[in-house]
Amino acid sequence: MTEKVMPEKKACRSCDAPIYWVHIVKKDGKPGRMPFDVEPAPNGTHRLVGRMGTFNNKPVMDLHATFVPFPEREEMIKAGVRLRLSHFATCPDAEQHRRGS
Ligand SMILES: [Zn+2]
């Protein structure tokens, strides 16, 4: 029996929305992690791709985000790719995140 491994969902600490912690490459080229909304958005900016890995000998799905420039977004959406937004863009408490509280 093969178990389907899904990326781990978390809840935003401020608004309780379901989020994924996603690996990204920051503008300075360094790796980091950012929260993304679990729900795809019609105006999403990033494509999330799952990669299998292991954690404590258990299979895990790591998500990696790639920024999609605007002209390519329409093509991807037409092809059925679901794009997502950073939770920093949608969180009603985003101001608090930015203040770092
Ligand atoms: Zn939130």
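Strand 4 (residues 46–55) and strand 5 (residues 58–67) pair in the antiparallel sense over 10 bridges, where strands are DSSP runs of E with at least two residues, numbered from the N terminus, and two strands pair if DSSP finds at least two bridges between them. This is a predicted model, in which local features need pLDDT of at least 70, side-chain atom pairs count only at pLDDT 80 or more, and totals for chains, interfaces and linings use all residues. Residues are numbered from 1 along each chain as its sequence is written.

Strand 4 and strand 5 form a hairpin with two residues between them, and Asn 56 in the turn has a positive phi of about 50 degrees. Strand 4 also runs antiparallel to strand 6 (residues 83–84), joined to it by two bridges.

| Residue in strand 4 | Residue opposite |
|---|---|
| Leu 48 | Ala 65 in strand 5 |
| Arg 47 | Leu 83 in strand 6 |

Leu 48 and Ala 65 also belong to the largest nonpolar core, which has seven residues in all and includes Ile 19, Tyr 20 and Phe 36. Such a core is a set of buried Ala, Val, Leu, Ile, Met, Phe, Trp, Tyr and Cys residues joined through C-beta atoms within 7 Å; a residue is buried if 20 or more other C-beta atoms lie within 10 Å of its own, exposed if 12 or fewer, and partly exposed in between, with C-beta atoms placed from the backbone. Strand 2 (residues 18–25) gives the most to this core, with four residues.

Elsewhere, Met 6 lies in the segment before strand 1 (9–11), and Met 6 counts as exposed because it has 10 C-beta neighbours inside 10 Å.
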